[in-house]
Amino acid sequence: ELDISLKYAARGNMSEVIMLPDSANPTKIDLDTEEALLAGISHRIVVPLGKKLSVGMVNAFWLNPLAGDESASTTGGFLTRNFIGGFRTLAPNARSFMGAEPLRYYADNLYYNELKIQYEVRRKLYLQINTQYYNARYPLGFIFPYFEDQDYYFGGKDFLFCTGATAGYLSPIGPISMSVAKGNTGAGWQYFLNIGFFFDRK
């Protein structure tokens, strides 16, 4: 499964200063604009290794080409910066990271990798183990040095990495699951209880 997305946002402000009739200064008009652009591409694959076992992987890039433009600091920072953390994506530009609280970290440009193994222990009872990895500078920094200088906050780390496990049951009212995870940033153990279906707007 291949997913490509492109998001553009702009905001304009205009202010006008009207001078008195006897003034020699002309009317002054200031126009301030802000632009932000977020491009994303992700690839997801799931490979069954039997009737009960499957392995999946996700690779994704999210890029903000206007991040270095000071005029995009407000619009770009809020609308197109990648916010990272939590078991669920709370906004279109939020990224799941089981090893930390929701929206704890951020990055202008981002590479993501996830590995997942799922096993059906018994009918409708599943066990899942997965890892998540984020990097704000590489591998694109090897090709485009521009990406190495972009802003990010990973709690003092160069990358984010976590491992997690989920036990889930497919009940008549929807999936019921309990998850636990630990990341490399010192945020502590994270726990999540889910009851019912989750609607992902993406």
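Start with the open sheet of 4 strands, which runs in the order β5-β4-β6-β9 with mixed pairing. Its edge strands are β5 (94-95) and β9 (152-153), and each of these pairs on one side only. Keep in mind as you go that this is a predicted model.

**Stop 1: inside the sheet.** Select residues 82-84 and 105-107. These are strands β4 and β6, and they pair in the antiparallel sense over 3 bridges. Now pick Ile-84. Its bridge partner in β6 is Tyr-105.

**Stop 2: Arg-81 and its partners.** Select Arg-81 and Asp-108. They form a salt bridge, with the closest N and O atoms 3.1 Å apart. The pair links distant parts of the chain: Asp-108 sits in the loop between β6 and β7, Arg-81 in the loop between α1 (73-80) and β4, and 27 residues separate them.

Add Asp-151 to the selection. Arg-81 forms a salt bridge with Asp-151 too, and here the closest N and O atoms are 3.2 Å apart. This contact also links distant parts of the chain, 70 residues apart, with Asp-151 in the loop between α2 (140-143) and β9. Together, Arg-81, Asp-108 and Asp-151 are linked in a network of salt bridges.

Turn on the surface. Which of these residues are buried, and which partly exposed? Asp-108 counts as buried because its relative accessibility is 4%, under the 20% cut-off. Arg-81, at 17%, is buried as well. Asp-151 has a relative accessible area of 36%, so it is partly exposed.

**Stop 3: another salt bridge.** Go to Glu-114 and Lys-116. Their side chains meet in a salt bridge of 3.6 Å, N to O. Glu-114 is buried, with a relative accessible area of 11%. Lys-116 counts as partly exposed at 26%. The model holds 4 salt bridges in total.

**Stop 4: the second largest pocket.** Keep Lys-116 selected and add Ile-45, Val-46, Gly-56 and Met-57. Of the 13 residues lining the second largest pocket, these five lie nearest its centre. The space in this pocket is about 160 Å³.

Next, colour by strand. β2 (28-48), β3 (53-63) and β7 (110-122) each supply at least two residues of the lining. Which strand gives the most? That is β3, with 5 residues.

Finish by colouring the lining by residue type. The lining divides into 6 nonpolar, 4 polar and 3 charged residues.

Conventions:
Residues are numbered from 1 along each chain as its sequence is written. This is a predicted model: local features need pLDDT of at least 70, side-chain atom pairs count only at pLDDT 80 or more; totals for chains, interfaces and linings use all residues. Side-chain values use heavy atoms; hydrogens and water are left out. On a 1 Å grid over the protein atoms alone, a cavity is a set of points where a 1.4 Å probe fits but cannot get out, and a pocket is an open set with protein on both sides within 12 Å along at least five of seven lines; lining residues have an atom within 4 Å of a point. Grid points are joined across faces, edges and corners, and a volume is the space filled by probe spheres set on the points. Ala, Val, Leu, Ile, Met, Phe, Trp, Tyr, Cys and Pro count as nonpolar, Asp, Glu, Lys and Arg as charged, and the others, Gly among them, as polar. Two strands pair if DSSP finds at least two bridges between them. Buried means under 20% relative accessible area, exposed over 50%, partly exposed in between (1.4 Å probe, protein chains only).
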